2 protein chains.
Amino acid sequence: MLSLHRRDTPVFDFLNECNKSNLPKKILDCGAGGGSPPLAIFFVEGYETHGIEILDSQIERAEAFALKNNMDFNIIKGDMKELPYEDESFSFVFSHHTIFHMSKKEVGKAIQEMERVLILGGLIFTNFPSYDCVGYGEGKEMEKGEFLQKEFGEDVLHSYYEDREADMYFENFDFISIRKWILLKNEGWVDNLGMIEYIAKKKL
Amino acid sequence: MLSLHRRDTPVFDFLNECNKSNLPKKILDCGAGGGSPPLAIFFVEGYETHGIEILDSQIERAEAFALKNNMDFNIIKGDMKELPYEDESFSFVFSHHTIFHMSKKEVGKAIQEMERVLILGGLIFTNFPSYDCVGYGEGKEMEKGEFLQKEFGEDVLHSYYEDREADMYFENFDFISIRKWILLKNEGWVDNLGMIEYIAKKKL
């Protein structure tokens, strides 16, 4: 098993659910870039991986990881609000630590796109920052729970959610689990990170 | 990767930390029985596994699983408050969804034993029910946060903890992470299960 950063370990839960299903092993990661790409743990389990990423710099980091480990994730450049994939073309789609870098309305658009490319009975996994998160309340509040915050020196919108607020995005899904977690202490990274993660199945 | 029940998936986080360390792959599970033994995920990664379990029925269930999957976990019958192992004989020791079935004082004794059998720099993983847990407040409160509750028809003591209350057990450890999670929704199992999980390293 490949190791992940602590904030990324919930992806193992999703892998666990995907493995339990008997669907074809074809998966899409929305926001797939970075130096420790979660698609790697699916790749080593024999999944056909696809990814989309909006930032060149993050694509490069993922490609460097893939090259070093003799893998290939099929990551393309693009916007997760307009996925360049056919309807119902994946068994599994996820977006981890990514989808909240926009307004709640835009998040809804992105999840609609994820739903569109998912087969009936396919599984989705996304996470959202909770009101318990250390970042909640920082910066200027633009809409309810949407804060304009500095990230790597740039102004970025972050959306935060109440416990079951994100249910609104999953009308056409059945919930498998909704888990909130708070990192009370975390060696070498930020404490009091609070996230809510959804695993759901597209209705048949 | 073997699949786990949803309540057990945090064990993947511990596996992740164990794999990242360069210690000998020798692990002990305290409360190792049951039909889906977490030791299995270490076994398939090449760990030398050992387990202790107080209930015959749970040992039998784990042995049935091992037999079916052609594995061997070395689970013996015994009490985790008096571990029949030498000092500093394991790199990793954990107790998942088990250690809170006793008083807080007894939990302290069990963790002392886990510390004793762990090498310097070795890793421990345990979880504790939080005050957010659905079970908190049920039954007769014997001491602060200790409730006498029915489990499979028998009276069992369950201990519940405030956010950093269990820190008291880890005086001789450095924290790697402390994570609280709450299952807000959980298909096919209880909702609002709230747990606090500790991963820590025995001080050198």
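**Helix H1, chain B**

I started with helix H1 (residues 10-20) of chain B, where nine of the eleven residues are buried, so the helix is largely enclosed by the rest of the structure. Buried here means under 20% relative accessible area, exposed means over 50%, and partly exposed lies in between (1.4 Å probe, protein chains only). Helices (H or I, at least four residues) and strands (E, at least two) are DSSP runs, numbered from the N terminus. I listed the buried residues of H1(B): Pro10(B), Val11(B), Phe12(B), Asp13(B), Phe14(B), Leu15(B), Asn16(B), Glu17(B) and Cys18(B).

**Ground rules**

I noted that this is a predicted model, in which local features need pLDDT of at least 70 and side-chain atom pairs count only at pLDDT 80 or more, while totals for chains, interfaces and linings use all residues. Residues are numbered from 1 along each chain as its sequence is written, chains are lettered from A and ligands numbered from 1 in the order in which they are written, and side-chain values use heavy atoms, with hydrogens and water left out.

**How the two chains relate**

I laid chain A on chain B. The RMSD is 0.0 Å, after a turn of 180° and a shift of 0.0 Å along the axis. That is the relation of a two-fold axis. The same surface serves both copies, as 100% of the contact residues of chain A recur in chain B. Contact means heavy atoms within 4.5 Å. The superposition is by least squares on the C-alpha atoms of residues with pLDDT of at least 70 in both copies. I then asked which residue of chain A comes closest to the rotation axis. It is Trp181(A), with its C-alpha at 2.0 Å.

**The S6-S7-S8 sheet, chain A**

I traced an open sheet of three strands in chain A, in the order S6-S7-S8, with antiparallel pairing. Strand S6 (140-143) and strand S8 (154-159) are the edge strands of chain A, since each pairs on one side only. From one strand to the next, the twist averages 40°. For that angle, axes are lines fitted to C-alpha atoms (for helices over the stretch in contact), and angles run from 0 to 180 degrees between N-to-C directions. S6(A) and strand S7 (residues 146-151) of chain A run antiparallel and are joined by three bridges. Two strands pair if DSSP finds at least two bridges between them.

**Glu141(A)**

I stayed on S6 of chain A, which holds Glu141(A). Opposite Glu141(A) in S7(A) stands Phe147(A). Glu141(A) is partly exposed, because its relative accessible area is 41%. Leaving out residues up to four places away in sequence, Glu141(A) touches Glu146(A) and Phe147(A). What does its side chain reach at 2.8 Å? The partner is the backbone nitrogen of Gly145(A). A polar contact is a pair of N or O atoms within 3.5 Å; within protein, one must be able to donate a hydrogen and the other to accept it, and residues adjacent in sequence count only if both atoms are side-chain atoms. I also took a long span: the C-alpha atoms of Glu141(A) and Glu45(A) are 42 Å apart, with their positions 96 residues apart along the chain.

**The hairpin in chain B**

I turned to strand S7 (residues 146-151) and strand S8 (residues 154-159) of chain B, which run antiparallel and are joined by six bridges. Gln149(B) stands opposite Val156(B) in S8(B). Two residues lie between the strands of this hairpin, and Phe152(B) takes a positive phi near 50°.

**Two loop asparagines**

I checked other positive phi values. Asn70(A) is not a glycine, yet its phi is about 55°. Asn70(A) lies in the loop between helix H3 (56-68) and strand S3 (75-77) of chain A, and counts as exposed at 71% relative accessibility. Asn74(B), also a residue other than glycine, has a positive phi near 55°. Asn74(B) sits in the loop between helix H3 (56-68) and strand S3 (75-77) of chain B. Its relative accessible area is 35%, so Asn74(B) is partly exposed.

**Thr126(A)**

I found Thr126(A) in strand S5 (residues 118-129) of chain A. Is Thr126(A) buried or exposed? Thr126(A) counts as buried, because its relative accessibility is 0%. Its contacts, not counting residues up to four places away in sequence, include Ser95(A), Met114(A), Phe170(A) and Tyr198(A).

**Cysteines**

I searched the whole structure for disulfides and found zero over all chains. A disulfide is a pair of cysteine sulfur atoms within 2.5 Å. Why does Cys30(A) form no such bond? The closest cysteine sulfur, in Cys18(A), is 13 Å from that of Cys30(A), too far for a bond. Cys30(A) is buried, with 0% relative accessible area. Cys133(B) also counts as buried, at 8% relative accessibility.
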